[in-house]
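Colleague: I'd like to learn how to read a model like this one. Can you walk me through it, feature by feature?

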Amino acid sequence: MEGQFTKFYTRLFLAAVVLCHLLLGANYSQANSFANMQSQISSQSENIDELESTLGRHSFQLVEPLQHLALVQLQANRFDDAETSIDRAIQITRLSDGLFSNRQYDLLQLAIEINIQRRDWDEVEEQLEHLKWLVSSKFEGEAEDHLHRFQWLANTHLRGTLDDSAARRGGHIIAATGLIESAVQLAQLSPQMDTLTYAQLLYSLSHKYFIETRGILGGGKTSHALRRLYPHRQIFESRTDAIAKRYRVGLEKLVMLRNALVRSTDFNLEAVALAELYIADWNLVFNMTDDISAEYSVAINTLRRAGVAEEDLNRFFAAPVILPRPELKLNFNQALADIVATERPATRSDPRDRTLAALDRSMYRLSFIERSKYLPGYVQEISTSDFTSRNLDDWSSLSLSMRIDPNTRATTWSSGYRSRNYATGTDIQVQKAPHETTKLLNSVVSRVSLISFRPALVNGQARPMTIVLDYVFRNEDSRSLMSLLSRR
């Protein structure tokens, strides 16, 4: 979600730092070294002992120090200690404010984070169910915070989709979508329909439908769970019908988003234009357009009427970008900044390197991370600095070139399902993958071929372009030497 959830994310900032460490594998700075954390733990424990001796074991003033202690213990991978600290903080809060107190929400979220990092998804499932019950049935607090709690729960289920067992993967996706659907309905019943929060929820819901389509294409238990028509019965929709349904409901939410912006006096024409752009993106992802240039002309012309300079428009559409866009942006400069942060020219770095990427300075280079092979085509952009500084001990990486040709429908296959789409790449060539097996590379390239892109648009006209991808994915056990693989 967008960075404007300031109040909510400020309270969760420290927990978000931990999450970033988990997802991106970044090294902690010297200030957060193991020795430093041990010192913090000792100091904070002594502080808590002193407060307890002065104020009593159940004083509410112990809650914040216990929460901080649990966070530092979590960073030091002392999971049992962190769980003990946060459980004590939760119990004190309930004794002080009652069983349904809203002060426990942040504590419960940290308790869930602890079990996610220790990979105890059985316990996470139980904790999520309890927090969902509190938020759905016993919520205490402001309407906006209520919506953010639903969003947090949905995003946590999405993490389960990426990291939990195959048996529960589909259930996590369904739960994530259902929670955002509930939040949208709640916003419609409260004075929230003219707010940025409501717009973000609608966009987030469309994105969940997209993730569901990736799960359907991945096949196996996840696809079956998403296509099951009746609980506990082995009756399933076809993949074609299931994907078509998600296209329709996702488009409906994006149209609702645009119409809400048109009605509101709090958003300008630039915001409406970007909503129109997301509608065009959605139609392209689902292959529901035959004229890409015409599809995007509505958004481009509205951006011009909103006063966006032609030079900025040309920069915005200069190179292909991943679709759908991961976050809602209703400010053109912010949307442009996102693109600039994740793409760069593919220049020659080594005179001895004769690969296509090294020789063609006109191509653009993008970096992606694939969190789960079971959601083919669902990737997350990473910046240049993230990619170059990443600890890749648990990940593999390869470099590929790909042709994005808006005039050609590329044929893709996933778990036996065939589709043809203008938004996917052709002529995929692996440029650098010295440690991977042929079988593994074929599997990765097959998933890469399912990534959707908005093509380059020059003066409003879709143009073909070759791009270079740095692709990060989870390690496999099987390895052998392999230097070049081509897929056409």
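Modeller: Sure. Contact here means heavy atoms within 4.5 Å. Keep in mind that this is a predicted model.

Colleague: Okay, so which residues is I86 in contact with, leaving aside its neighbours within four places in sequence?

Modeller: Those are Q67, A70, L107, L110, A111 and I114. I86 is also among the residues with the most contacts inside the largest nonpolar core, along with L131, L257, L261, W282, Y296 and F316.

Colleague: How many residues does that largest nonpolar core have, and which helix gives the most to it?

Modeller: The core has 105 residues. Helix α13, residues 269-285, gives the most, with twelve residues. There's also a second, separate core of 25 residues, and V379, M402, I404 and I467 are included in it.

Colleague: What about the chain overall: how many helices and strands are there?

Modeller: The protein chain has 19 helices and 13 strands. Of its 488 residues, 52% count as buried. Take the contacts with a separation of 6 or more: 71% of them come from residues 24 or more positions apart. The accessible surface is about 21,800 Å², with 49% of that belonging to carbon and sulfur atoms.

Colleague: Back to helix α13. I see that E270 is found there. Is E270 buried or exposed?

Modeller: Buried, and yet without a salt bridge. For a salt bridge you'd want a side-chain nitrogen of Lys or Arg within 4 Å of a carboxyl oxygen. For E270, the nearest side chain of opposite charge is K329, and that is 12 Å away.

Colleague: Then what does the side chain of E270 reach?

Modeller: The backbone nitrogen of F332, at 2.7 Å. F332 also turns up among the contacts of E270 beyond four places in sequence, together with L303, A306, V308, L330, N331 and N333.

Colleague: Now backbone geometry. Which peptide bond is cis?

Modeller: The one from L323 to P324, where omega is near -10°. P324 lies in the loop between β1 (321-323) and α16 (332-342).

Colleague: And where should I look for R119, with its positive phi?

Modeller: In the loop between α6 (105-117) and α7 (121-137). Its phi is about 60°, although R119 is not a glycine. R119 counts as exposed because its relative accessibility is 55%, and the cut-off is over 50%.

Colleague: What is phi of N459 near?

Modeller: Near 55°, again a positive value in a residue other than glycine. N459 lies in the loop between β10 (456-458) and β11 (461-463), and at 57% relative accessibility N459 counts as exposed.

Notes: Residues are numbered from 1 along each chain as its sequence is written. This is a predicted model: local features need pLDDT of at least 70, side-chain atom pairs count only at pLDDT 80 or more; totals for chains, interfaces and linings use all residues. Side-chain values use heavy atoms; hydrogens and water are left out. A nonpolar core is a set of buried Ala, Val, Leu, Ile, Met, Phe, Trp, Tyr and Cys residues joined through side-chain atoms within 4.5 Å. Buried means under 20% relative accessible area, exposed over 50%, partly exposed in between (1.4 Å probe, protein chains only). Helices (H or I, at least four residues) and strands (E, at least two) are DSSP runs, numbered from the N terminus. Lys and Arg count as positive and Asp and Glu as negative; His and the chain ends are not counted. A polar contact is a pair of N or O atoms within 3.5 Å; within protein, one must be able to donate a hydrogen and the other to accept it, and residues adjacent in sequence count only if both atoms are side-chain atoms. Accessible areas come from the Shrake-Rupley method with a 1.4 Å probe; for residues, only the protein chains shown count as cover.
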